[in-house]
Amino acid sequence: MLNFLAPSWNTVSPAWQQALQAVYPTLQQIDAALLARQQAGETIYPPAPAIFRALSSLPSPAATKVVILGQDPYHGAGEANGLAFSVNAGIKLPPSLRNIYRELQSDLDVLNPNSGELSGWAAQGVLLLNSVLTVAADQAGSHGKLGWHSISDAIITSVNQHSPACVFILWGKWAQNKAGQIAPRHVILTAAHPSPLSAYRGFFGSRPFSQANQWLTSHGQTAIDWATTTV
């Protein structure tokens, strides 16, 4: 039984819950750790009801066409909303997302959207997943050892098994460590993380959006309309 994670876990479809059944004991351990941290006064992002939003936005692993995998959520107040790299409408764009939009414009000539909300991508089958699903306020990487890597491993494994053809976009080392789990029938696109600390070391110019669409259409899937960031 989950406590801290329950509001978000209860929004996850049975297909995703089944995918995580084998790691449910680890999820319970994470739940207990997060509850203890909250009770000790730690502010945790994203808000508890949004932690599994990436899964809640897609009905099943089989429905996943693209996985964009990052590191951990934004750690600034009001930023993380449960979709990797996304922020709610009205929130100032974090540097990583500004760089993603810059690459989107360079790659597909899509002008920077006014909003940082990426629910429109999720609605088209893009799983916006972080390797670690929570973070302490103002402490990047602070929940990296809570066990979340086992959870994101299980999510990736399930997509790998059930999606007929998927593009895995792995940004940064945490994400690229999962490449070995991915079957040859899918495709892996890797690049540096879009953070300002690393974007100039291979993120800019990587053209992930056009490459993803070219691969999807060549494998009988519909392309993603990357210009539609919100629903």
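Where does R207 lie? R207 sits in the loop between β6 and α9, and it makes a good starting point for a tour of this structure. Keep in mind as you read that the model is predicted.

**Starting at R207**

Look first at the backbone of R207. Its phi is positive, about 50°, although the residue is not a glycine. R207 counts as partly exposed, because its relative accessibility is 41% and partly exposed covers the range between 20% and 50%.

Now follow the side chain of R207. It meets the side chain of D107 in a salt bridge, with 3.1 Å from N to O. This pair links distant parts of the chain: D107 belongs to helix α5 (residues 95-108), R207 to the loop between β6 (187-191) and α9 (208-218), and the two are 100 residues apart. D107 has a relative accessibility of 9% and so counts as buried.

**The other charged pairs**

In general, side chains of opposite charge can pair when their charged atoms come close. How many salt bridges does the structure hold? There are four, and the table shows three of them, including the one you have just met.

| Pair | N to O distance | Relative accessibility |
|---|---|---|
| R37 and E42 | 3.3 Å | R37 26%, E42 22% |
| D107 and R207 | 3.1 Å | D107 9%, R207 41% |
| K178 and D153 | 2.5 Å | K178 3%, D153 28% |

In the pair of R37 and E42, R37 is partly exposed, and E42 is partly exposed as well. 

The salt bridge between K178 and D153 has its closest N and O atoms 2.5 Å apart. K178 is found in the loop between α8 (173-176) and β6, while D153 is part of helix α7 (residues 148-162), so this pair ties together parts that lie 25 residues apart in sequence. Is K178 buried or exposed? With 3% relative accessibility, K178 counts as buried, whereas D153, at 28%, counts as partly exposed.

**The sheet**

Next, find the strands. In general, strands of a sheet pair through backbone hydrogen bonds, either parallel or antiparallel. Here, four strands form an open sheet in the order β3-β2-β5-β6, and their pairing is parallel. β3 (126-130) and β6 stand at the edges with a single partner strand each, so one side of each has no neighbour in the sheet. On average, neighbouring strands of this sheet are turned by 15° against each other, direction ignored.

Inside the sheet, β2 pairs with strand β5 (residues 167-171) in the parallel sense over four bridges. To trace this pairing by eye, try V66, whose bridge partner in β5 is V167. Helix α9 packs on the sheet, where it touches β2, β5 and β6, and its direction makes about 160° with that of β5.

**The nonpolar core**

In soluble globular proteins, nonpolar side chains tend to be buried together. The largest nonpolar core of this model has 77 residues, and those with the most contacts inside it are F52, I68, W121, L127, W148 and W226. Which helix gives the most to this core? That is α7, with six residues.

I68 is a helpful residue for exploring the core. Leaving aside neighbours within four places in sequence, I68 is in contact with residues including F85, W121, L127 and W226.

F85, one of these contacts of I68, lies in the loop between β2 and α5. F85 is buried, because its relative accessible area is 7%, under the 20% limit. F85 also has a positive phi, about 75°, although it is not a glycine.

**Two more loop residues**

T64 has its place in the loop between α4 (53-56) and β2 (66-70). With a relative accessibility of 0%, T64 counts as buried. Not counting residues up to four places away in sequence, T64 touches eight residues by name: W16, L58, G125, L127, V159, S163, A165 and C166. 

Finally, which residues does a cis peptide bond join? They are Y45 and P46, and omega is about -5°. P46 is placed in the loop between β1 (44-45) and α4.

Key
Residues numbered from 1 in each chain as written. Predicted model: local features only at pLDDT ≥ 70, side-chain atom pairs only at ≥ 80, totals over all residues. Heavy atoms only, no water. Buried < 20%, exposed > 50% of the residue type's maximum accessible area, 1.4 Å probe, protein only. Contact = heavy atoms within 4.5 Å. Core = buried A, V, L, I, M, F, W, Y, C linked by side-chain atoms within 4.5 Å. Pairing = 2+ DSSP bridges. Axes fitted to C-alpha atoms, helices over the stretch in contact; angles between N-to-C directions.
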